[in-house]
Amino acid sequence: MTEPLLKITDLKTHFFGDDGVVIAVDGVTITVNKGETVGIVGESGCGKSVTSLSIMRLLQDTPGQVVGGSIEFENKNILEISEKEMRGIRGNDIAMIFQEPMTSLNPVYKIGKQLEEAIRLHLKYDKKRAHKHAIRMLELVGLPRAKQLMNEFPYQLSGGMRQRVMIAMAMACSPKLLIADEPTTALDVTIQAQILELMQELRETSETAIMLITHDLGVVAEMCDRVVVMYAGKVVEETDVITLFEDPKHPYTKGLIGSVPKLGENAEELDSIPGNVPTPYNMPNGCKFAPRCKFAMEKCWEIDPNLIETENDHLVRCLLFQNKQVEVEL
Amino acid sequence: MSQAAELTTDQTLSSPEVKKSTPLRGFWRKFRKQRLALVSGVFIVLLLGVAAIGPAIAPYTIDQPDYANVLQGPSLEHLAGTDTYGRDIFSRIIGGARISLFVGLLSVFLGAVVGTFLGLISGFYGKWLDSIIMRICDVLFAFPGILLAIGIIAILGPGLENVIIAVAIFNIPSFARIVRSSAISIKSTVYVEATKSIGAVNARIIWKHIFPGTVSSIIVYITMRIGTAILTAASLSFLGLGAQPPSPEWGAMLSNGRDYLNTAPHVTIFPGLAIFITVLAFNLLGDGLRDALDPKIKE
Amino acid sequence: MTTPLVEIKQLKKYFPVKKGILGTKKSFVKAVDDVSFSIKKGETFGLVGESGCGKSTTGRLLTRLLEPSDGEIYFENNKLSELNEEQLRRIRKDFQMIFQDPYASLNPRMKVKNIINEPLIIHGYDKKKSLSRVKELLEVVGLNSYHAERYPHEFSGGQRQRIGIARALAVNPKLIIADEPVSALDVSIQAQILNLLKRLQKEFDLTYLFIAHDLSVVEHISDRVGVMYLGKIVEIADKTELYKNPQHPYTKSLLSAVPIPNPKLKRERIVLKGDIPSPANPPNGCTFHTRCPFAMEICKKSVPEFTKIGVGHYAACHLINE
């Protein structure tokens, strides 16, 4: 199970705007193994979504551009292949679901037509077979009256149902990797529970690896095997999910966990992180988290620490752990 | 977390010395890039200067006939030639700038004031008031502009003041509509709801929150309409419904030269050129302002 | 027991929807349908529920941003419907609102000082003192006094929410209605704002109506919680009681649906079937019966009564009456 499927190495994505260059992703290294669910956690602006768009090569229409690093999918650097080859991978081998399912579905086409088209394009099925497969996919994601749904338009569906359709579409070609960008954020709690359950089922029944991008630590705890925490365009901590919650090392991770009110805990005060996320125009020189860090030392303002391995497979980017351990090769 | 901790950490963003970004600065940054509009703006400012000091810089008097020099072509002495009474056309164009600009600016301004008021109450209160105001506007819109103005002058009688009133009335519905649509969208914003929740009365909401939100569209639209207003006023004068003969109003000057189009085309060409360049400048400025202020409105 | 600061009795809000070709057939969306609760002075009452359950409408009815279709609101024993315009305007300063979207709730064309100053002007405060009051308020909510000269777009989401809170505090209100005040914010900022709200409550003796969809947040900040579903309150209890001993199946499923940030915790989850029905066409009988895992015959026919279960614990479910 530890065969790497996706290997992102030192990815750098910059945005070239009117007011200068914004460094959205700053040297991110993430590996997703076959069949594994990796959570990418962070707050808005940490670069988690840009990372996923970089993988899908969906930045063309934005001022964004990958300026460094490599993204190897099944040992092939997808940053170097042609757009035609990429289209073959997109939707076929790597599928993506987005936060807002309404915007990802074309409002003027029927559900069935959109699904069939995706299936015919990628699996080269004939019309009849694609139709059958589409219905089977809708049933698989737990949608009732699948046959009727094929003839309905996206606006006739509720948010939860639309997200199921999106998942059906993404899973239709049995992708090797599913990138889910905040898949349940726009949904109600009870509907979120349904979608998470569905994703867990799919994970068990298929070989698909999932890269789950979210800000919700609860979702991470329920879904993921391994977690990558991002802050200001960099990975600050990476470990398995149990260790992350039991023994978080980076002060940001600790603060994030402390910030979440926990059901039944009845805390008087939350252990919040002071201050705000730095904007791209006032990025600190040293450690990006230093201005908000309780443990910040003088050298934290000068040195931007490397990501180092503190224990087995537990990576942390923090000077508090720097001296004790050897640096990890990047 | 204590209050002190919150305070100290807030300095990560924005310290007092940081250069402030005001809406005006933001506008200037965008407007600076519109070269054509910038040039037009400079031209209009110069034109306004000419209009203000007008006759003082004109090489000749405006109204004094000089029968020795009738219908002379352009020369170094008379840059744009002379008209049927031997008056220097260049001087008359300079003198007429004041009239044309005055008519254009005042009529659009009056139309904007009334139209904005109607648009604000129509958009804010809605319901029957909105229906009445908008139906009246629809009726006014159904007339071709110039016909409407002629109709109004037919009632009020010819003359420059009446041209101003006619063009102003003709501008009211356009402003009412544009202001109404922004008023409706601002009315439904959360910050207006927040102001209501504080206990603000309607007049305050309209004046302090909705009106400032429509100002940028109004400014853009005023600039765009001035060109048309100058053109309409000139047309009316050309038809003899506006400024009367001795007046150097540009439309009246065109009218004065129309009998000599074949023999002395310069009598019509130069005032025509003045109208053309001025209207163009206002329209280009309007386009530039639109792109910088309010990309939503399109003519 | 002290007298409640706010009391809501059988509050209803029906929005008319026109149907038919001529728009003559009228039907109603029952956004709030027979809701009653009271809030004691100094406490935080949480209203929790999913989208379309009527929790925000309830908040807006309380601030009189919307007129109720039926029912009564009492504020310090004053019946709001019996007050005239002027009295209502004066009493309005006693309840202020904090909004969900910190980007939309501040006028982008106004400086921060004018935004915070606005309630002071409206309620006739001394003009000479207003600027110092604005600066004081900014510091109370954890910003700096020099922020007064800036425009909202220069601030981050969390800072904007602080400005919104400062505006609400300006006229020393008694009740603050917070409609999803942290749901648009990042996790770390959310915690800051929650801590700030708690601190301000102690400092200024405030009463909160806290409206949110996030149960963990509501549990953290509230003393008592009301759970809403399709325009009705299905359960009210003390927060510890509600989380330890939920009675209504909807409360139970809602609690079990919240993802807990603890990977080792394995829970029995009640996953509800289907979607929330449209409030324009709610089911007969108990509105929850279409999704309820324990639905019985009676649930389809009759609306369950709101029954007392324990001290301050009420629920509307046929299972309890059995």
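**Membrane spans, chain contacts and helix packing**

In this predicted model, residues 136–157 of chain B are 86% helix and 0% strand, and the C-alpha atoms at the two ends of the span lie 23 Å apart. This stretch is one of those that UniProt, in an unreviewed entry, annotates as "transmembrane region" in chain B; the record places the feature at residues 36–58, 99–124, 136–157, 163–179 and 263–286. For residues 36–58 of chain B, the helix content is 78% and the strand content 0%, with 28 Å between the end C-alpha atoms.

Chain B also touches chain C. To this contact chain B contributes 26 residues and chain C contributes 27 residues. On the chain B side, two or more residues come from each of α1 (3–9), α8 (190–198) and α9 (202–238). Of these, α8(B) gives the most, with eight residues. By class, the side of chain B that touches chain C consists of eleven nonpolar, ten polar and five charged residues.

Chain C is in contact with chain A as well, through 38 residues of chain C and 40 residues of chain A. Helices α7 (159–171), α8 (189–205), α9 (217–223), α10 (241–246) and α11 (251–259) of chain A each provide at least two residues of the chain A side. The largest share, eight residues, belongs to α8(A). The side of chain A that touches chain C has 19 nonpolar, 14 polar and seven charged residues.

One of the contributing helices, α11(A), has buried residues, namely Pro251(A), Tyr252(A), Thr253(A), Gly255(A), Leu256(A) and Ser259(A). Within chain A, the buried residues of α11(A) pack against α9, β9 (226–231), β10 (234–240) and α10. These buried residues also pack against α6 (187–204) of chain C.

Elsewhere in chain A, helix α4 (residues 111–123) packs with helix α5 (residues 127–140). Their axes come within 9 Å and cross at roughly 115°, which means that α4(A) is roughly perpendicular to α5(A). The crossing of α4(A) past α5(A) is right-handed. From α4(A), the contact involves Gly112(A), Leu115(A), Glu116(A), Ile119(A) and Arg120(A). The partners on α5(A) are Ala130(A), His131(A), His133(A), Ala134(A) and Met137(A). Five nonpolar, three polar and two charged residues make up the contact of α4(A) with α5(A).

Technical notes: Residues are numbered from 1 along each chain as its sequence is written. Chains are lettered from A and ligands numbered from 1 in the order in which they are written. This is a predicted model: local features need pLDDT of at least 70, side-chain atom pairs count only at pLDDT 80 or more; totals for chains, interfaces and linings use all residues. UniProt positions are given in the numbering used here, feature names are shortened, and annotations may be inferred rather than shown by experiment. Helices (H or I, at least four residues) and strands (E, at least two) are DSSP runs, numbered from the N terminus. Two residues are in contact if their C-beta atoms, placed from the backbone, lie within 7 Å. Ala, Val, Leu, Ile, Met, Phe, Trp, Tyr, Cys and Pro count as nonpolar, Asp, Glu, Lys and Arg as charged, and the others, Gly among them, as polar. A residue is buried if 20 or more other C-beta atoms lie within 10 Å of its own, exposed if 12 or fewer, and partly exposed in between; C-beta atoms are placed from the backbone. Axes are lines fitted to C-alpha atoms, for helices over the stretch in contact, and angles run from 0 to 180 degrees between N-to-C directions. Angles under 35 degrees count as roughly parallel, over 145 as roughly antiparallel, 65 to 115 as roughly perpendicular and the rest as oblique. A crossing is left-handed if the near helix is turned anticlockwise from the far one by less than a right angle, and right-handed if clockwise.
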